[in-house]
Amino acid sequence: VACTRLTCLPISSRTARAGKHVSCATSSRDEEVDKPAEVRVRLPWTGDIGPREIKLLADAFSDPKLLSSVPTIGGYMLRNGTAALRHQASILRGGPGGKVGGGSATYPSSWSGPFAFANELIAGFLEAVSASNELERYRSRTRGEGEEEALRRVGEYVRGLRGLMAVGIAPMPGTKVQSIEIDGRSAVWLTPDGKSWDDPDAPRRTVMWMHGGAFILCSTNTHARLLSSLGIAAGAKVLSVEYPLAPDEGRYEEMLSHVVEAYQWLTNPSGGGVDPGSIVVGGDSAGGHLAVGLVQRLISSEVAKGPAGVVLMSPWLDPGRDDPATEDAWNSARDTSCCYLRGVKDSLKVVHDLVFERVMEEEEENELAFSYLPPRNMLRRELWDGERASRCPPMLVQYGGAEVLAAESRNFVRIASESGIEVTSQEFKDLPHVFQVFDALEAEGERAIQSAGAFVSDVCKSS
């Protein structure tokens, strides 16, 4: 601890334009500009740690059930990480390398040792979560009796997992991090060059991002490096929307409603004050689904003028596996995939039920009432036909060729292209789900972020 450089972030300000409390931080040192509202600290390798993160951590480490699962999680991660190390040792000795997770897949030859190790640590963590008793209880629940208790327990378990992930990853140096409130929930600005988001010299170009995490996990902190890297590459400030997470904070309806409200705030002169022509919306994984849901809401109603473009990184577009190609990919994933998602087929089915239960009930009564709520499956062709397609902004879709969700991205790109939508597809061979978060370990991750930044700059030329 004595050797750790702490960066204290006790800065607060009020912006007349937003009318919201803002707490600020940069990854370089800041000067105090107002009476501190809260103290936030950052270790060199973490995101901002404040009262919310401390509470999540405290709750996690005071939960006996979660603590009892920590050795299991650690065991899975150790098992998978060791397999990656054995693979790398075999390669260094001139051998054939190792198999992935006991299946028939092999690690791609382009993967470095650290990259394979990181992929396997995440795979082990997710497999341990997938095998948890709480998810199994919810999976095997019966309607009515015991359902409420199963939901409560899975909610407690998920909150504990969020606590374990609360510290996150540090943003890129020089990024100013500012927390605001939109509709009673946190949102976070990440602005390059140490500028405040409402500084006249800050970029007008803006990326509004919905983080991934299967609709139940993660936050701006877990995605801080990715978002700040994208902001630097695009010459843009990034607004990270902290939408409600399932099952305890909300279901899909609440998530999408909050995302729409955040976009309305961003484009309102008395809120974010950003012209829609200077905005690109985007998301990774589950956040990609919400980004597409926002676009669907905007092109099917008069909620607000649409953005200049859309960036999707490994979007999770068919969570119910309605498309046969999606189902086939999941059925073969454990034996044939090197992607870290390969072992979570069953747990993601539980997540789908948690998130979309009410949507499924409403779909039959409101079959194509898109102004009310877009459907679960964003691969439905009727979503992108005719006038709807003509209103859709240009899109960039990036995905890993080795990821389980690759079939979803390929189908989405095909449907959008056939409908006349301007869509750019970038498949990165042999890479896993949201590989951009590994940009420090994998050069293709950095290249993808630079490409996404160029796309943002291109569609927002006037900014």
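Here are four short exercises with worked solutions on this predicted model.

**Exercise 1. The largest pocket**

Find the space in the largest pocket, the residues closest to its centre, and the elements that contribute to its lining.

*Solution.* Start with the volume: the largest pocket holds about 1,300 Å³ of space. Next, go to its centre. The lining has 48 residues, and Ile122, Phe125, Met165, Cys218 and Thr222 are the closest to the centre. Now sort the lining by element. Two or more residues come from each of helix H3 (113-130), helix H5 (147-164), helix H6 (224-234) and helix H10 (345-363). Helix H3 gives the most, with seven residues. Finally, sort by chemistry: 35 lining residues are nonpolar, 10 are polar and three are charged.

**Exercise 2. The setting of H6**

Decide whether H6 is largely enclosed or not, and name what its buried residues pack against.

*Solution.* First apply the cut-off: a residue is buried when its relative accessible area is under 20%. The residues of H6 that pass are Ala224, Leu226, Leu227, Ser228, Ser229, Leu230, Gly231, Ala233 and Ala234. That makes nine of the 11 residues of H6, so the helix is largely enclosed by the rest of the structure. Then look at the partners. The buried residues of H6 pack against four strands and a helix: S6 (185-191), S7 (206-210), S8 (237-241), S10 (309-313) and helix H13 (443-459). One last stop is just after H6, where Gly235 takes a positive phi of about 60°.

**Exercise 3. Two aromatic pairs**

Classify the pairs Tyr107–Trp111 and Phe215–Phe356.

*Solution.* A pair of aromatic rings is described by the distance of the centres and the angle of the planes. The structure holds 12 aromatic pairs. For Tyr107 and Trp111, the centres are 6.2 Å apart and the planes meet at 55°, so this pair is tilted. Both of these residues are buried. For Phe215 and Phe356, the centre-to-centre distance is 5.6 Å and the planes are at 90°, giving an edge-to-face pair. This pair links distant parts of the chain, 141 residues apart: Phe215 sits in the loop between S7 and H6, and Phe356 in helix H10. Check burial too: Phe215 has 0% relative accessibility and counts as buried, and Phe356, at 1%, also counts as buried. To finish, return to Tyr107 and Trp111, which form one aromatic cluster with Phe115, Tyr340 and Phe438.

**Exercise 4. Charges over rings**

Which rings have Lys237 and Arg321 over them, and at what distance from the centre?

*Solution.* Take Lys237 to begin with: this residue lies over the face of Trp189, 5.2 Å from the ring centre. Then take Arg321, whose charged end sits over the ring of Trp330, 4.9 Å from its centre.

Technical notes:
Residues are numbered from 1 along each chain as its sequence is written. This is a predicted model: local features need pLDDT of at least 70, side-chain atom pairs count only at pLDDT 80 or more; totals for chains, interfaces and linings use all residues. Side-chain values use heavy atoms; hydrogens and water are left out. On a 1 Å grid over the protein atoms alone, a cavity is a set of points where a 1.4 Å probe fits but cannot get out, and a pocket is an open set with protein on both sides within 12 Å along at least five of seven lines; lining residues have an atom within 4 Å of a point. Grid points are joined across faces, edges and corners, and a volume is the space filled by probe spheres set on the points. Ala, Val, Leu, Ile, Met, Phe, Trp, Tyr, Cys and Pro count as nonpolar, Asp, Glu, Lys and Arg as charged, and the others, Gly among them, as polar. Buried means under 20% relative accessible area, exposed over 50%, partly exposed in between (1.4 Å probe, protein chains only). Contact means heavy atoms within 4.5 Å. Rings of Phe, Tyr and Trp (its six-membered ring) pair if their centres lie within 6.5 Å; planes under 30 degrees apart count as stacked, over 60 as edge-to-face and the rest as tilted. A charge sits over a ring if NZ of Lys or CZ of Arg is within 6 Å of the ring centre and within 35 degrees of the ring normal.
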